[in-house]
Amino acid sequence: MNDIFIAKLNQIIQEFPKNVVWDEQYWNRIFQSCVEPYLKTLRDINRVINLFQFRYGMLYQETAFEDMVGITTIEVLEPELYKWIGRNKESVCGGVSHSMLAFSEKERNYREQYTKEFQGLGIEPEKAIKCISAMFPVFAKEVNGYYGEYHNSSDARSKMRVAHEERFELYFSMNLDDVKVSRGIIDSFIFSMDDNALEYTVKKINMKGDIVYFLKELWALVDSIPYDRLGKIAMVMIDLQGTFQDENGKYWFSLPAVEIAHYCIMDILKMLKTAEERNQIICSAVDQLNMDGLGAIARIIRQIENGYGKFPERPEKQKDQIISSDQLHELERLYLDKLQEFSRSESFVDLSDFRYIVHLWELLDKESAQNYVYSITKDDFHKLRYMCAMASRWHGTNGSGWSFNALDYISNDEIYELIRNYDKQKLDRFSDVEQIKLASFFLTYQKDDDYLVNEQEARNLLNNGEVFNAYVN
């Protein structure tokens with residue numbers, strides 16, 4: 001029976017235009033736990049093979065071969081279990097809500113809970129638990145059903161497995177719209193695109209609003225980037241990082257696009273074998289820098305400085321010493337020259353990484369940093385915009401919002417008076433996000449440091465015209 005099933009699978013995958021790759025150890029686990037226990041007759045084999053040929057033919061570029069075989073088998077031969085998995089994504093893949101519940105109920109017996117659920121559905125519990133555990137490491141951990149090495153989220157993403165929350169629905173709905181950037185495009189980006197195509201592709205993805213998805217995919221696949229392409233890809237990412245826009249920063253436990261890009265860039269640089277190679281790429285990026293890349297370089301320099309223990313409150317981290325201390329000193333000089341060059345003709349206040357740039361500038365040359373800030377805050381409007389640019393986002397159980405603890409050149413009292421007396425009819429000069437920051441500052445003024453105003457409270461102030469008139473006027 002097994003030989004017949006394997007022979008039919010081989011016959012199918014030989015017909016695909018692109019090689020099908022699988023992990024032998026993982027395949028054995030899936031076959032033993034999700035396939036073999038359910039195959040009883042030749043009719044079972046034919047039913048599974050027919051559906052697999054159809055489903056995998058549509059999705060083979062975006063799904064894992066092993067998981068598609070396993071999922072298809074239980075869809076055909078154990079449909080109630082298939083439906084249960086599809087309805088319980090957080091239980092099998094994990095997620096914020098499920099993780100918090102698990103943390104708050106450490107003594108909870110998940111194996112007992114799931115056993116009762118499966119019995120109620122007429123599903124054989126032990127067989128089901130073994131099957132789900134084979135495909136879903138989070139579930140396996142909770143029921144103590146470990147299968148070899150525990151795979152992390154990045155591993156599941158890079159291998160397009162069902163256990164990754166952003167691939168999960170694809171195995172159940174077959175809706176390719178869930179794939180925001182195809183693996184084919186990402187593979188071309190990693191292996192073959194020239195410099196112009198690399199830049200064009202990232203810009204197009206960013207414009208469509210899919211940059212976070214792309215960055216997470218790329219980050220998970222960093223280890224597969226050919227050595228001779230590391231520099232090219234790092235340069236493009238540094239150059240465009242400051243333009244990345246997303247909604248990710250609004251959500252709990254989520255990283256904004258610029259931060260994901262930074263971690264991805266650092267991992268790419270760390271793959272280079274020598275400090276000389278890394279330094280050459282970073283210095284080349286600084287030499288060709290446009291204003292949008294200022295934040296990316298500031299983040300890189302700050303992380304290397306942190307690696308060398310330049311901040312007393314943080315321990316030295318050798319893994320971040322990706323260039324020598326002499327090379328770092330020269331890099332800082334080059335970056336400062338660029339800052340001063342740009343500052344003579346342009347304002348950085350609209351850059352998402354503005355506060356990182358200012359903080360680094362202060363460390364490198366406090367006097368010129370002060371002069372720059374004074375030059376862009378000569379009137380009330382620009383003082384308030386500076387305050388908005390220096391705000392940092394917080395996340396908590398009460399939602400998310402903005403905090404203001406980095407205003408070294410303008411007092412909180414002055415900012416408060418500026419907001420209170422600002423002409424309400426001219427508020428539309430500020431962006432929507434800036435208006436939320438203004439309202440947040442106003443509501444937190446002279447409160448304790450741990451007093452936080454979430455975005456909804458700030459919006460309520462902005463939307464309540466009568467109250468807002470009373471405050472502002």
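**Reading the terms in this model**

Trainee: Why is threonine 115 called buried?

Mentor: Its relative accessible area is 18%. Buried means under 20%, exposed over 50%, and partly exposed in between, with a 1.4 Å probe and protein chains only; threonine 115 is therefore buried. Please note that this is a predicted model, in which local features need pLDDT of at least 70 and side-chain atom pairs count only at pLDDT 80 or more, while totals for chains, interfaces and linings use all residues. Residues are numbered from 1 along each chain as its sequence is written, and side-chain values use heavy atoms, leaving out hydrogens and water.

Trainee: Where does threonine 115 lie, and what is it in contact with beyond its neighbours within four places in sequence?

Mentor: Threonine 115 belongs to helix H8 (residues 110–120). Helices are DSSP runs of H or I with at least four residues, strands are runs of E with at least two, and both are numbered from the N terminus. Outside those neighbours, threonine 115 is in contact (heavy atoms within 4.5 Å) with Pro125 and Ile129.

Trainee: What makes lysine 216 and glutamate 166 a salt bridge?

Mentor: The definition asks for a side-chain nitrogen of Lys or Arg within 4 Å of a carboxyl oxygen of Asp or Glu. Here the N to O distance is 3.6 Å, so the pair qualifies. The two residues are 50 residues apart: lysine 216 is in helix H15 (residues 211–220), and glutamate 166 is in the loop between helix H11 (153–158) and helix H12 (168–173). Both also take part in a network of salt bridges with Glu62, Arg157, Arg183 and others.

Trainee: How do you know that glutamate 332 and lysine 310 meet in a salt bridge, and which class of accessibility does glutamate 332 fall into?

Mentor: The N to O distance is 3.1 Å, so the criterion is met. Glutamate 332 has 8% relative accessibility and counts as buried, whereas lysine 310, at 44%, is partly exposed.

Trainee: Why are arginine 333 and glutamate 330 separated by about one helical turn?

Mentor: They are separated in this way because they stand three residues apart in helix H20. Their closest N and O atoms are 2.5 Å apart, and they form a salt bridge.

Trainee: What makes Met1, Ile4 and Leu42 a patch?

Mentor: Patches consist of residues with over 30% relative accessible area and no salt bridge, like charges being joined within 9 Å and nonpolar side chains (Val, Leu, Ile, Met, Phe, Trp, Tyr) within 5 Å. Leucine 42, at 47% relative accessibility, is partly exposed. Together the three residues have about 260 Å² of accessible area, obtained by the Shrake-Rupley method with a 1.4 Å probe, for residues counting only the protein chains shown as cover.
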